[in-house]
Amino acid sequence: SDFDEDRTRWLGLNMTGEELEAVLLDMEDSIWFDDATSEVEVSFVLYNMNFDALTCVRIVVVQSRSGRLRRLVTAQSHLLHIYVDDSALPRVLDAVFLVQLVVLLVWEIWDLIRTCKQHRGKGLVGAIGRYCNVWNLVDWATVIAGAVLVLQYLGLQGRTSQVEDQLYGMDMTGQAQVKSYAELHDFMEALRDVESEYRWLRSWAGCFPLLLMTRLLEAFSAQPRLAVLTKTLRLAATDLIHFGIVFLSAFWTYAVMGHVLFGRALPEFATLSRALQTCFAILFGDFSFDDMLQSGRMVACLWLATYLCLVLLIILNMLLAIIMDTYTNVKGQVADTDETLWQQAKELGIRWERTVRGQRVPLSKIWGAFDARLGGVHEALYDREDSQRHRRLILRVADLVDIVPGMQPAQALRLLTHATESYRGQFEAARGLSIADAMNVINAIHLKLAHFIKETRRLRGVASKS
């Protein structure tokens, strides 16, 4: 907005006590603070010469509709330069981040081109459909989020440089200070824009590690025992979504009730957003029951007791039951032959050593040799007729040595043996049951056993009478 001289007052450091009192009296006479005022803000800027940083301090007094006054004090600092000192570590870390981002982008582009070539028989749309799985989408989201983070950071530094130029360009000495109130207003508005951009940058940078954690889950999915978590969440996703609808309905209802019942007495329930935060904190035991009693003992007891019993004891325990049921099923599918993390690390070291000595052909070259010899192995994995045709093929050690150039018979035997054991382990692990399925099986066995005992007793009675 434009500089409003009637609503904004500047208090200079070089003003005398009489001048300050005159400004304050003028504000009172002009009814500067009236019933329509929602908040009053006092702002001033501090400069730290040691760190070359600006600190904007804001004291905001907010008047709610009920007449309650709330004071908010914030201090936000901004470095005027990217790097404070000549240390090389921050620059190295920034360079490593950019290099990793570029490497991930190049890898994803190469993976996309490779997938399109492998599935070119499906057309462009079909090939992209094969490429667009969850983990590839997470990688692309990481690249895009990282690029946005870098651009936001560079844009913030550009605006900070403009603020620095405005600061050094103002004449704040003597009588020139009175003439530069408009410049001060522009400077404060520019600093406010920098604060807003910094807030967005901080929020974006705070959410970015979530994508990195998701990529860690992608890496964990390659190890059968580490993939238990990701597989549990994936299989339980449908039940968790339906559970979330029920939980949010009850949670939202009690938040609205708390806002209505305690909003006028407690600041924690003064607004609906605060009521939601307070209800979430109550689930973890962070609340003061004595403060709730201000609105009435009976009302507070009924609200808190029903909320804890329904939401905490019943609904959240149902969440644990859903997760544990799925986890039991997934855990039962982990075969005993699946490698542990340290066994897999040892295996990778042995593979690397054999590859360096020329005693082993990498799996990527084996895959490429099969694709070149049989023609379209990648397509056969997704085409039912081709899959049935390739399934009839029986591979022997001599076949692998013949198909893959440079493969030794020892590696061919080891590869076929491990593949057979892995398939057998996956087939046996697929028979795992969840807790609910296990209880159904036990109940069926119990009914059949009871029926068998009953029939046995009946036949014994008939035999004794005869």
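**Figure 1. Overview of the chain in the predicted model.** The chain exposes about 31900 Å², and carbon and sulfur atoms supply 63% of that area. Its length is 466 residues, of which 24% are buried. The secondary structure consists of 18 helices and three strands. Among contacts with a separation of 6 or more, 62% are between residues 24 or more positions apart. The structure holds eight salt bridges, and several of these appear in the close-up views below.

**Figure 2. The open sheet of three strands.** The strand order is β1-β2-β3, and the pairing is antiparallel. β1 (39-48) and β3 (69-79) are the edge strands, each pairing on one side only. From one strand to the next, the twist averages 15°. Strands of a sheet pair through backbone hydrogen bonds, either parallel or antiparallel. Between β1 and strand β2 (residues 53-63), the antiparallel pairing runs over 10 bridges. One residue to locate in this view is E41, whose bridge partner in β2 is V60.

**Figure 3. F51 in the loop between β1 and β2.** Not counting residues up to four places away in sequence, F51 touches L79 and V84. F51 and L79 are 28 residues apart along the chain, and their C-alpha atoms are separated by 7.3 Å. L79 falls within the residue range of the edge strand β3 (69-79).

**Figure 4. The salt bridge between R114 and D111.** Side chains of opposite charge can pair when their charged atoms come close. For the side chains of R114 and D111, the N to O distance is 2.7 Å. Both residues belong to helix α2 (residues 89-118), where they lie three residues apart, about one turn of the helix. The two partners fall into separate burial classes: R114 is partly exposed, with a relative accessible area of 33%, whereas D111 counts as buried at 9%. The cut-off for buried is under 20% relative accessible area, so the 9% of D111 places this residue in that class.

**Figure 5. T115 and its contacts.** T115 is found in helix α2. With a relative accessibility of 10%, T115 counts as buried. Leaving out residues up to four places away in sequence, T115 touches A127, R130 and Y131.

**Figure 6. The salt bridge between E197 and R159.** The side chains of E197 and R159 meet at 2.3 Å, N to O. E197 lies in helix α6 (residues 181-220) and R159 in helix α4 (residues 134-169), so this pair ties together parts that are 38 residues apart in sequence. Both partners are partly exposed: the relative accessible area of E197 is 25%, and R159 has a relative accessibility of 35%.

**Figure 7. The salt bridge between E353 and R357, with a note on a network of salt bridges.** The side chains of E353 and R357 meet at 2.8 Å, N to O. Helix α12 (residues 341-357) holds both E353 and R357, four residues apart, about one turn of the helix. E353 counts as partly exposed at 35% relative accessibility, while R357 is exposed, with a relative accessible area of 57%. Elsewhere, E41, R58, R192 and E195 are joined into one network by salt bridges that share partners. E41 is also the residue whose bridge partner in β2 is V60, and R58 falls within the residue range of strand β2 (residues 53-63).

**Figure 8. A nonpolar surface patch of about 550 Å².** The residues that make the patch are W252, V256, M257, V260, L261, L272 and V299. Helix α8 (residues 237-262) gives the most to this patch, with five residues. V256 has its place in helix α8 and is partly exposed, with a relative accessible area of 31%. Patch residues must have over 30% relative accessible area, so V256 at 31% meets this cut-off.

How values were computed:
Residues are numbered from 1 along each chain as its sequence is written. This is a predicted model: local features need pLDDT of at least 70, side-chain atom pairs count only at pLDDT 80 or more; totals for chains, interfaces and linings use all residues. Side-chain values use heavy atoms; hydrogens and water are left out. Two strands pair if DSSP finds at least two bridges between them. Helices (H or I, at least four residues) and strands (E, at least two) are DSSP runs, numbered from the N terminus. Axes are lines fitted to C-alpha atoms, for helices over the stretch in contact, and angles run from 0 to 180 degrees between N-to-C directions. Patches are made of residues with over 30% relative accessible area and no salt bridge: like charges are joined within 9 Å, nonpolar side chains (Val, Leu, Ile, Met, Phe, Trp, Tyr) within 5 Å. Accessible areas come from the Shrake-Rupley method with a 1.4 Å probe; for residues, only the protein chains shown count as cover. A salt bridge is a side-chain nitrogen of Lys or Arg within 4 Å of a carboxyl oxygen of Asp or Glu. Buried means under 20% relative accessible area, exposed over 50%, partly exposed in between (1.4 Å probe, protein chains only). Contact means heavy atoms within 4.5 Å.
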